[in-house]
Amino acid sequence: MTVVIYLLLLLMVIYAGMLLWFRTGNLFYRQKENSQETPPISIIVAIRNGENSLPQLFTDFSIQDYSGEMEFILVDDESDDSTKALIQEKSSNDTRLIYESSINGDPALRFKKRALDAGIKMAHNEWLLFTDADCHLKSGWVRGMVEHFTDKVDYVVGFSEVERGTRLVARFQSMDYFMLMTAARGTINSGNAWGGSGQNQAFRKSLFEKAGGYSQIAEELQGDDTLFLQVCRNKVSAEVVFADNPDCRTTARQERTWASLLKQRARWAGDAKLMWKFNKIFFLSFLAAFLLPLLLISTLLAGLFYNPFYITVFVKFLTIQFVLEFFLYFTGIRQLNKSIHFIDFILWFIVHNPYTILMGIGSFFTQKLNWRGREVVL
């Protein structure tokens, strides 16, 4: 077990360095200039069985206060409900709204990436803005994102959040997503973007074409955000910024059960474990973040069933982890002007270690999952 303790110490040092970097990127960064231009924008949404989400999405589109030209490209991803009919009915009354089918996307792609590829091909404008059908958009979403579209910028990562709700799973999801977005903001502000979210992002159509579209990640289950971001940075040296304007934040869907949340995160982690192809430092950090809770819990079990000394080791390392993560959390709420929910942070911290282990293990079984009602065969 002495070897385990030394390994635990090494992992904690790596983890501490990573969180310190996230925190530094949130605190110390060059202020971004805002664009005063109002270029034409193409908003692209891939939709699979979205009949329940479309009415709210239509409303959110209608209240956008952007003064420039907008087109809304809704890509039906082989839905088997009334999605197609609803889009076509709405588009007959609003010429800005365009129906497209995912079958017109690159046949080498699958699922959401093929749908997005079809929408991007259909787009008439240089700047492309993306969200999901079940996200809620503020009236200033387009305007707030466009403020970051300067001549020097190629890719904009927007902030997305999940409402706290009343269920424990929703509160955990809200806090977990906030921590992920805070980390993403830190890496982007430091000039070495690691991640983003397909629920709120924008990039140039010319960047997409220069990067070869999604061809490098055609075989992956998802990858339209974080993996594609790495492709753009590696292949085209894309300039990436984080959108700080509160008006352009989106609100994502709450997961109703722990099982559905774990399934969603396992899909995301399935992309992260492939990161070694695109960003080796990111991959090693992800691996350390998975091994650390695994060794922490192993140390606790050793203390319970082998030698009480290891309980002391567990408590000391857990305390260090708590302090490090709380500092990142506190930095995030101050920088993003969010309310303090210390009880939610405690819940998140208690659940996070075993959750991370389950998520990491589940990432190796993404081929057993289904995607919006369709079987995944990898």
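**View 1. The lining of the second largest pocket mixes seven nonpolar, eight polar and six charged residues.** Nonpolar takes in Ala, Val, Leu, Ile, Met, Phe, Trp, Tyr, Cys and Pro, charged means Asp, Glu, Lys and Arg, and the others, Gly among them, are polar. This is a predicted model: local features need pLDDT of at least 70 and side-chain atom pairs pLDDT 80 or more, while totals for chains, interfaces and linings use all residues. Residues are numbered from 1 along each chain as its sequence is written, and side-chain values use heavy atoms, leaving out hydrogens and water. The pocket's volume comes to about 470 Å³, taken as the space filled by probe spheres set on grid points joined across faces, edges and corners. Of its 21 lining residues, Arg30, Lys32, Glu239, Val240 and Val241 are the closest to the centre. Helix 6 (168-189) and strand 9 (240-242) are the elements that each give two or more residues to this lining. (A pocket is an open set of points on a 1 Å grid over the protein atoms alone where a 1.4 Å probe fits, with protein on both sides within 12 Å along at least five of seven lines; lining residues have an atom within 4 Å of a point.)

**View 2. Phe326 and Phe330 make one of the aromatic pairs.** The whole structure holds 30 aromatic pairs. With ring centres 6.1 Å apart and planes at 25 degrees, Phe326 and Phe330 count as stacked (rings of Phe, Tyr and Trp, the last by its six-membered ring, pair with centres within 6.5 Å; under 30 degrees is stacked, over 60 edge-to-face, the rest tilted). The two sit four residues apart in helix 11 (residues 309-335), so about one helical turn separates them. Helices here are DSSP runs of H or I with at least four residues, strands are E runs of at least two, and both are numbered from the N terminus. Phe326 is partly exposed at 23% relative accessibility, and Phe330 is partly exposed too, at 30%.

**View 3. Phe342 and Phe345 stack at 6.5 Å centre to centre, with 25 degrees between the planes.** Both belong to helix 12 (residues 342-362), three residues apart, or about one turn. Phe342 is partly exposed at 39%, whereas Phe345 is buried at 0% (buried is under 20% relative accessible area, exposed over 50%, partly exposed in between, with a 1.4 Å probe and protein chains only). Ring pairs tie both of these residues into a cluster with Phe178, Phe322, Phe326, Tyr329, Phe330, Trp348 and Phe349.

**View 4. Two arginines lie over phenylalanine rings.** Arg23 is over the face of Phe327, 5.3 Å from the ring centre. Over Phe159 it's the charged end of Arg249, 5.0 Å from the centre. (The test: NZ of Lys or CZ of Arg within 6 Å of the ring centre and within 35 degrees of the ring normal.)

**View 5. Strand 2 (residues 70-76) has seven of its seven residues buried.** Met70, Phe72, Leu74 and Asp76 point one way, Glu71, Ile73 and Val75 the other. Strand 1 (residues 41-47) runs parallel to strand 2, joined by seven bridges; Ile47 has Asp76 as its bridge partner. (Pairing takes at least two DSSP bridges between strands.)

**View 6. Strands 5, 10 and 7, in that order, form an open sheet with mixed pairing.** Strand 5 (136-137) and strand 7 (160-162) are the edges, each pairing on one side only. Strand 5 meets strand 10 (residues 250-252) in the antiparallel sense over two bridges, and His136 stands opposite Thr251.
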